[in-house]
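Here are my notes for you on this one. Have the viewer open and click along as you read.

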Amino acid sequence: MKIQKTNAMRWLDTKKISYEVLTYTYKEGESPSGMYAAKYHNEPFEQVFKTIVCKANTNEYFVYMIPALEELDFKKCAKVANVKSVELLPLKDLTKVTGYVRGGTSPLAMKKLFKTFIDVSIMKEESIYFSGGKIGYQIHMSSKDLINSMNMVIADLLKNKE
């Protein structure tokens, strides 16, 4: 299968950052999640990150990346963004704000450059997998290259497990 370049891949190419693209197929009606892709490629779950876009009480948008099996802690997210509160961007606004669809949202090459935070668990991973900018596409690349290329802020973003 010929890989169709996405904006995220073109962005990495212009920065001359090395990456690998993995593709997967999913059945209609199934959720095209990071976990689905991880199972498809037998990837270590802790290396698969999802991209979540939130809107703050200030009407700013922030991007958060966390391991696919984990849950975002909105209070922690607001604190690191230095705002009073954040909430999930309504699905109906996702494409308009980012240029991406649910299940294909990459932190790279959104319509605008938003402040991006990544969970501290990334420090344990030499490389990670995340959406390539289209459903069925994943990017695998160096954690360090991702953080540096996006000037990401590393922070504790996860809900505590009880």
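The points below go through some strands, a pair of cysteines, the core and a surface patch.

1. Before anything else, keep in mind that this is a predicted model. Treat what follows as a description of that prediction.

2. Start with strand β2, which covers residues 49-56. Is it mostly covered or mostly open? It's mostly covered, with six of its eight residues buried.

3. Next, look at what pairs with β2. Strand β3 (residues 61-67) runs antiparallel to β2, and the two are joined over seven bridges. If you want a spot to check, find Thr51: its bridge partner in β3 is Met65. The two strands make a hairpin, with four residues between them. While you're in that turn, click on Asn59, which has a positive phi of about 70 degrees.

4. β2 also pairs with strand β4 (residues 86-88), again in the antiparallel sense, here over three bridges. Ala56 is a handy marker for this pairing, as it stands opposite Val86 in β4.

5. Now for the cysteines. How many disulfides does a search of the whole structure find? Zero. Cys54 isn't in one, and its nearest cysteine sulfur belongs to Cys77, 5.8 Å away. Why doesn't that pair count? A disulfide here needs the two sulfur atoms within 2.5 Å, so a pair at 5.8 Å misses the cut-off. As a reminder, a disulfide is a covalent bond between the sulfur atoms of two cysteines. Both residues are tucked away: Cys54 is buried with a relative accessible area of 0%, and Cys77 is buried with a value of 0% too.

6. On to the largest nonpolar core, which has 28 residues. Which of them touch the most other members? They are Met65, Leu108, Ile118, Ile128, Phe130, Ile139 and Leu146. You've met Met65 already, as the bridge partner of Thr51. Several elements each supply at least two residues of this core, among them β2, β3, α4 (91-98) and β6. Helix α1 (7-14) gives the most, with four residues.

7. Finally, turn to the surface. Val120, Met123 and Ile154 make a nonpolar patch of about 270 Å². Where does Met123 sit? It lies in the loop between β5 (115-119) and β6 (127-131). Is Met123 buried or exposed? Exposed means over 50% relative accessible area, and Met123 has 58%, so it counts as exposed.

How values were computed:
Residues are numbered from 1 along each chain as its sequence is written. This is a predicted model: local features need pLDDT of at least 70, side-chain atom pairs count only at pLDDT 80 or more; totals for chains, interfaces and linings use all residues. Side-chain values use heavy atoms; hydrogens and water are left out. Buried means under 20% relative accessible area, exposed over 50%, partly exposed in between (1.4 Å probe, protein chains only). Two strands pair if DSSP finds at least two bridges between them. Patches are made of residues with over 30% relative accessible area and no salt bridge: like charges are joined within 9 Å, nonpolar side chains (Val, Leu, Ile, Met, Phe, Trp, Tyr) within 5 Å. Accessible areas come from the Shrake-Rupley method with a 1.4 Å probe; for residues, only the protein chains shown count as cover. A salt bridge is a side-chain nitrogen of Lys or Arg within 4 Å of a carboxyl oxygen of Asp or Glu. A nonpolar core is a set of buried Ala, Val, Leu, Ile, Met, Phe, Trp, Tyr and Cys residues joined through side-chain atoms within 4.5 Å.
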